[in-house]
Amino acid sequence: MRETPLPSTKGLRDLLVGMLGRDITVAEPPDPVTAATPGGVVVGVYVREGLRTAALVALDLPLAARAGAALALLPPRVADRAVEAQHLDDALAENVSEVLNVISSLLNTDDAPHVRLYRVHGPAGLLPADVAGWLRGYGRRTDVAFDIRGYGEGAVSVVVL
């Protein structure tokens, strides 16, 4: 059996384009998304059998707010206000959770253990110490910045353990 696959930048972009129905351009992020990212982060924790952590997907607050707003066809100003307030309201948080849930499809292949979204953390409050430590790691990871047409930029980091 293989390890959980690391999604490619193209795979992440194509999935988001399909979900959000908007063009998305790709750029190198200035820094990986970690617990110390200014403004906060939203982190999806993915587990395999036995609740063993398999992967993390961390969105900085700007990408979380913008993807959540774009998914629901809300005006970009809703996302801008969330970024300014450093807070996602319940609707945006639910939309981001849905985006993170669909991203699990990129972490699953026929010959690897099944992975599912277990928990979503953030953007307020401290991340659990193990999650924060894994986000700082230099192992198998993809770090990328996206610009969602009409909504703006943000960054994502995917860490496969």
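**Salt bridges, a charged patch and some backbone oddities**

User: Which residue does R140 form a salt bridge with?

Analyst: R140 pairs up with E3, and their closest N and O atoms are 3.0 Å apart. A salt bridge here is a side-chain nitrogen of Lys or Arg within 4 Å of a carboxyl oxygen of Asp or Glu.

User: Where do R140 and E3 sit along the chain?

Analyst: The pair links distant parts of the chain, 137 residues apart: R140 is in strand β5 (residues 140-148), while E3 is in the segment before α1. Helices (H or I, at least four residues) and strands (E, at least two) are DSSP runs, numbered from the N terminus.

User: Before we go on, what should I know about the model?

Analyst: This is a predicted model, where local features need pLDDT of at least 70 and side-chain atom pairs count only at pLDDT 80 or more, though totals for chains, interfaces and linings use all residues. Residues are numbered from 1 along each chain as its sequence is written, and side-chain values use heavy atoms, leaving out hydrogens and water.

User: OK, back to that pair. Is E3 buried or exposed?

Analyst: E3 is exposed, with a relative accessible area of 54%. R140 has 29%, so it is partly exposed. The cut-offs are under 20% relative accessible area for buried, over 50% for exposed, and partly exposed in between (1.4 Å probe, protein chains only).

User: How many salt bridges does a search of the whole structure find?

Analyst: It finds 8 salt bridges. One of the pairs is R2 with D111, where the closest N and O atoms are 3.7 Å apart. That pair also links distant parts of the chain, 109 residues apart, with R2 in the segment before α1 (9-20) and D111 in the loop between α4 and β4 (116-121).

User: How exposed is R2?

Analyst: R2 counts as partly exposed because its relative accessibility is 44%. Its partner D111 is partly exposed too, at 36%.

User: Which residue does R66 form a salt bridge with?

Analyst: R66 bridges to D80, with the closest N and O atoms 3.7 Å apart. This pair joins helix α2 (residues 61-71), home of R66, to helix α3, home of D80, across 14 residues. R66 is at 14% relative accessibility, so it counts as buried, whereas D80 is partly exposed at 31%.

User: Which residues are joined into one network by salt bridges that share partners?

Analyst: K10, R13, D14, D23 and R149.

User: Changing topic: where is there a patch of negative charge on the surface?

Analyst: D89, D90, E94 and E98 gather in one. D89 belongs to the loop between α3 (76-85) and α4 (90-103), and it is partly exposed at 37% relative accessibility.

User: What counts as a patch?

Analyst: Patches are made of residues with over 30% relative accessible area and no salt bridge, joining like charges within 9 Å and nonpolar side chains (Val, Leu, Ile, Met, Phe, Trp, Tyr) within 5 Å. Lys and Arg count as positive and Asp and Glu as negative, while His and the chain ends are not counted. Each charge is placed at NZ of Lys, CZ of Arg, CG of Asp or CD of Glu. The accessible areas come from the Shrake-Rupley method with a 1.4 Å probe, and for residues only the protein chains shown count as cover.

User: And N95, what is it in contact with?

Analyst: Leaving aside its neighbours within four places in sequence, N95 is in contact (heavy atoms within 4.5 Å) with G68, L71 and A72. N95 lies in helix α4 and is buried, with a relative accessible area of 14%.

User: V102 next. What's it in contact with?

Analyst: V102 is in contact with L15 and M19, again leaving aside neighbours within four places in sequence. V102 lies in helix α4 and is partly exposed at 26%.

User: Last topic, the backbone. Which peptide bond is cis?

Analyst: The one from G122 to P123 is cis, with omega near 5°. P123 is in the loop between β4 and α5 (129-136).

User: What's the phi of L51?

Analyst: Near 55°, a positive value in a residue other than glycine. L51 is in the loop between β2 (41-48) and β3 (52-60). L73 also has a positive phi, about 60°, although it is not a glycine, and it is found in the loop between α2 and α3. L73 is exposed, at 69% relative accessible area.

User: Why point those out?

Analyst: Because most residues other than glycine have a negative phi, and most peptide bonds are trans.
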